[in-house]
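User: Please take a close look at the loops in this model where the backbone does something unusual, and then follow the chain into the surroundings of one of them. I am in my first year, so please explain the terms as they come up.

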Amino acid sequence: MFQENTSDNCLNIVTTSTEDGAFQESGHGARILSPEEAEKLAKDQVLVSEFKQLKLEKEAQKNWDLFYKRNSINFFKDRHWTTREFEELKGCREFADQKLTILEAGCGVGNCLFPLLEEDVNIFAYACDFSPRAVEYVKKNALYSTERCKVFQCDLTKDDLLKNIPANSVDVVTLIFVLSAIHPDKMHLVLKNIYKVLKPGKCVLFRDYGLYDHAMLRFKSGSKLGENFYVRQDGTRSYFFTEEFLSQLFKAEGYEQVVNEYVRRETVNRKEDLRVPRVFLQSKFQKPFSI
């Protein structure tokens, strides 16, 4: 069992143990690196060339389309934890059977969308993705129904959501492992876009990679694009968020912060007897009732 850490670098931590002896904790303050991890990151200061970075930005959609061509619908697990960890999806109703309208911004092949539709018959979902191939996989899914959802291709940094969704009509927006794939200079455009379709007083539910997640520490030299921003071998990119950066990003676009904290989880590989530190940022930001 891990004890609550009340040091200045790790405040308000709530720790829970799991059945296999691993743990999950949530709170404020970045994960503390080991000396070896700190040394590795300190040495990795060489950035990918500007020419290659421009090429990666230009080919971002192609790289994600190729990702889904290679992996089909098999890469990500269905996210049945969504309603459990984001109680807002259950708790924002004024009465039990109230119909909810949600937007899943960056739906991939439906790993979050379809479990939600199965678990809650009173949800209508708009869902969009950058990759045309991912959108086609969603539409071919046996659970896909135009009575329950509307799915469309969209570059959230430039395609106006109002072309597919009425203004101020969405009760909940989910932004789950999406913003990290977008260049930091363009993230604000995504938040500006979804703001237009979100009802006043309603929320964006965010979950994504946090600073010093195991995935960040695994990048080899030559993968760094900028501060906390890296490129994978397949050309897709990943940003690792601090709570401060995310808070400033949302507030600059007019949102109010409700919750914004790290979730630290230990993933256990029993076969290899490995314990891997995962760090995510889980947050909730609200569109004000009035401006």
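Analyst: Asn168 is found in the loop that lies between strand 5 (149–153) and strand 6 (170–176), where a strand is a DSSP run of E with at least two residues, numbered from the N terminus. This is a predicted model, in which local features need pLDDT of at least 70 and side-chain atom pairs count only at pLDDT 80 or more, while totals for chains, interfaces and linings use all residues. Residues are numbered from 1 along each chain as its sequence is written, and side-chain values use heavy atoms, with hydrogens and water left out.

The phi angle of Asn168 is near 55°, which is a positive value in a residue other than glycine. Most residues other than glycine have a negative phi. With a relative accessibility of 39%, Asn168 counts as partly exposed, a class that lies between buried (under 20% relative accessible area) and exposed (over 50%), using a 1.4 Å probe and protein chains only.

A second residue to look at is Asn228, which has a positive phi of about 65° although it is not a glycine. Asn228 sits in the loop between strand 8 and strand 9, and because its relative accessibility is 11%, Asn228 counts as buried.

The strands on either side of Asn228 belong to an open sheet of 3 strands in the order 8-9-10, with antiparallel pairing; two strands pair if DSSP finds at least two bridges between them. Strand 8 (224–226) and strand 10 (237–239) are the edge strands, each pairing on one side only. From one strand to the next, the twist averages 25°, taken between axes that are lines fitted to C-alpha atoms, with angles from 0 to 180 degrees between N-to-C directions. Strand 9, residues 229–231, pairs with strand 10 in the antiparallel sense over 3 bridges, and Tyr230 has Ser238 in strand 10 as its bridge partner.

How far to trust such details is a matter of pLDDT, the predictor's confidence in each residue from 0 to 100. The protein chain averages a pLDDT of 85, and 85% of the residues score at least 70. Over residues 1–15, however, pLDDT stays under 50, and the model has 32 contacts beyond four places in sequence for this stretch, a contact being heavy atoms within 4.5 Å. Residues 17–21 also have a pLDDT below 50, with 9 contacts in the model beyond near neighbours in sequence. Where pLDDT is low, the predicted coordinates should not be read in detail.

Terms used. Helices (H or I, at least four residues) and strands (E, at least two) are DSSP runs, numbered from the N terminus.
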